Every structure is written in structure tokens, then in C-alpha cells.
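Welcome! Take a moment to turn the structure around on your screen before reading on. This short report then walks through some of its parts with you.

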Amino acid sequence: MQIRFTKHSGKQDWLECIRDDGTSTRCPMPKQGILPHDLVHYVVEESLNLRQGFWGILALGVGFPNAAPPWDAADFNLPDLTEALQAESLVECFQAEMWNGFQPSENFWEILQITCQQRQVTVPQFLTYQDVERVRLRLQAATQQWAALAIGETLIVEFREWITD
């Protein structure tokens, strides 16, 4: 799936997803002073190989959710949203660091535990300190790439499709 993040003037940018089957979905992204939330999702999910997170759901053909998490799997016609909710918790933790000038949080793991508990999911068991550091570095690189875009320019990335067990 191709994902296009387009920078605009004003209070919002735009996001468009073009799935491998040719269908697409798009929505505005509110500007927030740091990397767009959905671009943070992309970096986190790609870096950690989360195939059933936010982008995996969109790749299935689902449109953009109308509400913030926690979501109900029935809303998406899916059996399990654990990985998507874990991804949302991870994004929340990394965004907090980004808002703080990319200063690593001393309490990252505790905050992740709390955000996962709030969404009624477990902390991802595979996650290591090295993984967290890799995501931090990739978020910094993506931030530089996004900042370098002029108004009207688009950052295009690819997302590997949903994989089932």
C-alpha cells in the first residue's frame, strides 16, 4: 500500500492511502507542531514490523476510524485489535518524547504499561530497549524529512500488507 503524506498551508495536512487493489482512502491530518500522528504510526509500525496495527487495518480496506481508540473490533469486522491498540500506546509514548524535544523518557516502560492497561491490552512482549532506540532514531530522521518538505510536497512511503498467522 502506498501512503502519501502531503504538506499544506493552514491548520491541516493531507493523508492518502492507495491500496494494492487500487482502492483508496484519504483524510485531513491536523497540524500539531511535531510529525503528523499517522506518520508516527507509520514509523513505529514499520520499525517494529507491526502488520496488524493501524496501517494493517487500513490495508484491509477499512476506511479511517471516526473515533480515537479504544476501538471495538466489531467496528472493523476483525477478530482482534490487540496489535492496533498496542501500536496506539507506543505512538502515544513516542509522541510524548517528541513533544519534549526528543528527550528519552526515564519512565518510558512504565508509561507504556499504563497506556496499554488503559486500552486493556498487554505491553508488546517482543519489544526490547534496542527496538525503542531504533524507533527514536527513525522518528528523528522522519521529522527531518517532513520538515524539509515545502508546502504542496508529498512524502510517499510503502506499507507491506496485512499478514495473518
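## How the helices meet

Helices α1 and α4 lie roughly perpendicular to each other, because an angle from 65 to 115 degrees counts as such. Their axes are 9 Å apart and make an angle of about 115°. Please keep in mind that you are looking at a predicted model.

Here α1 covers residues 37-47, while α4 covers residues 82-99. The crossing of α1 with α4 is right-handed. On the α1 side, the contact is made by His37, Val40, His41, Val44 and Glu45. On the α4 side, Ala87, Glu88, Leu90, Val91, Phe94, Gln95 and Met98 take part. Sorted by character, the residues of this contact are seven nonpolar, three polar and two charged.

Now follow α4 to another partner, helix α6, which spans residues 129-148. The axes of α4 and α6 come within 11 Å and cross at roughly 55°. That angle makes α4 oblique to α6. This crossing, too, is right-handed. From α4, the contact uses Phe94, Glu97 and Met98; from α6, it uses Val132, Val135, Arg136, Leu139 and Thr143. Five of the residues in the contact of α4 with α6 are nonpolar, one is polar and two are charged.

Here are the two helix pairs side by side:

| Helix pair | Axis separation | Angle between axes |
|---|---|---|
| α1 and α4 | 9 Å | about 115° |
| α4 and α6 | within 11 Å | roughly 55° |

## The whole protein

Let us step back. How many helices and strands are there in the protein? The protein has six helices and four strands. Reading from the N terminus, the order of the elements is β-β-β-α-α-α-α-α-α-β.

The protein has 165 residues, and 47% of them are buried. Its accessible surface comes to about 8,700 Å², and carbon and sulfur atoms account for 50% of that surface. Among contacts with a separation of 6 or more, 60% join residues 24 or more positions apart.

## One residue to find

Finally, look for Gln118, in helix α5 (residues 108-118). Is Gln118 buried or exposed? Gln118 is exposed, because its relative accessible area of 55% is over the 50% cut-off. The C-alpha atoms of Gln118 and Ser89 are 8.9 Å apart, although these residues are separated by 29 residues along the chain.

Notes. Residues numbered from 1 in each chain as written. Predicted model: local features only at pLDDT ≥ 70, side-chain atom pairs only at ≥ 80, totals over all residues. Heavy atoms only, no water. Axes fitted to C-alpha atoms, helices over the stretch in contact; angles between N-to-C directions. Helix = DSSP H or I, 4+ residues; strand = E, 2+ residues; numbered from the N terminus. Parallel < 35°, antiparallel > 145°, perpendicular 65-115°, else oblique. Left-handed = near helix turned anticlockwise from the far one by under 90°. Contact = heavy atoms within 4.5 Å. Nonpolar A, V, L, I, M, F, W, Y, C, P; charged D, E, K, R; others polar. Buried < 20%, exposed > 50% of the residue type's maximum accessible area, 1.4 Å probe, protein only. Areas by Shrake-Rupley, 256 points an atom, 1.4 Å probe, with all protein chains shown as cover.
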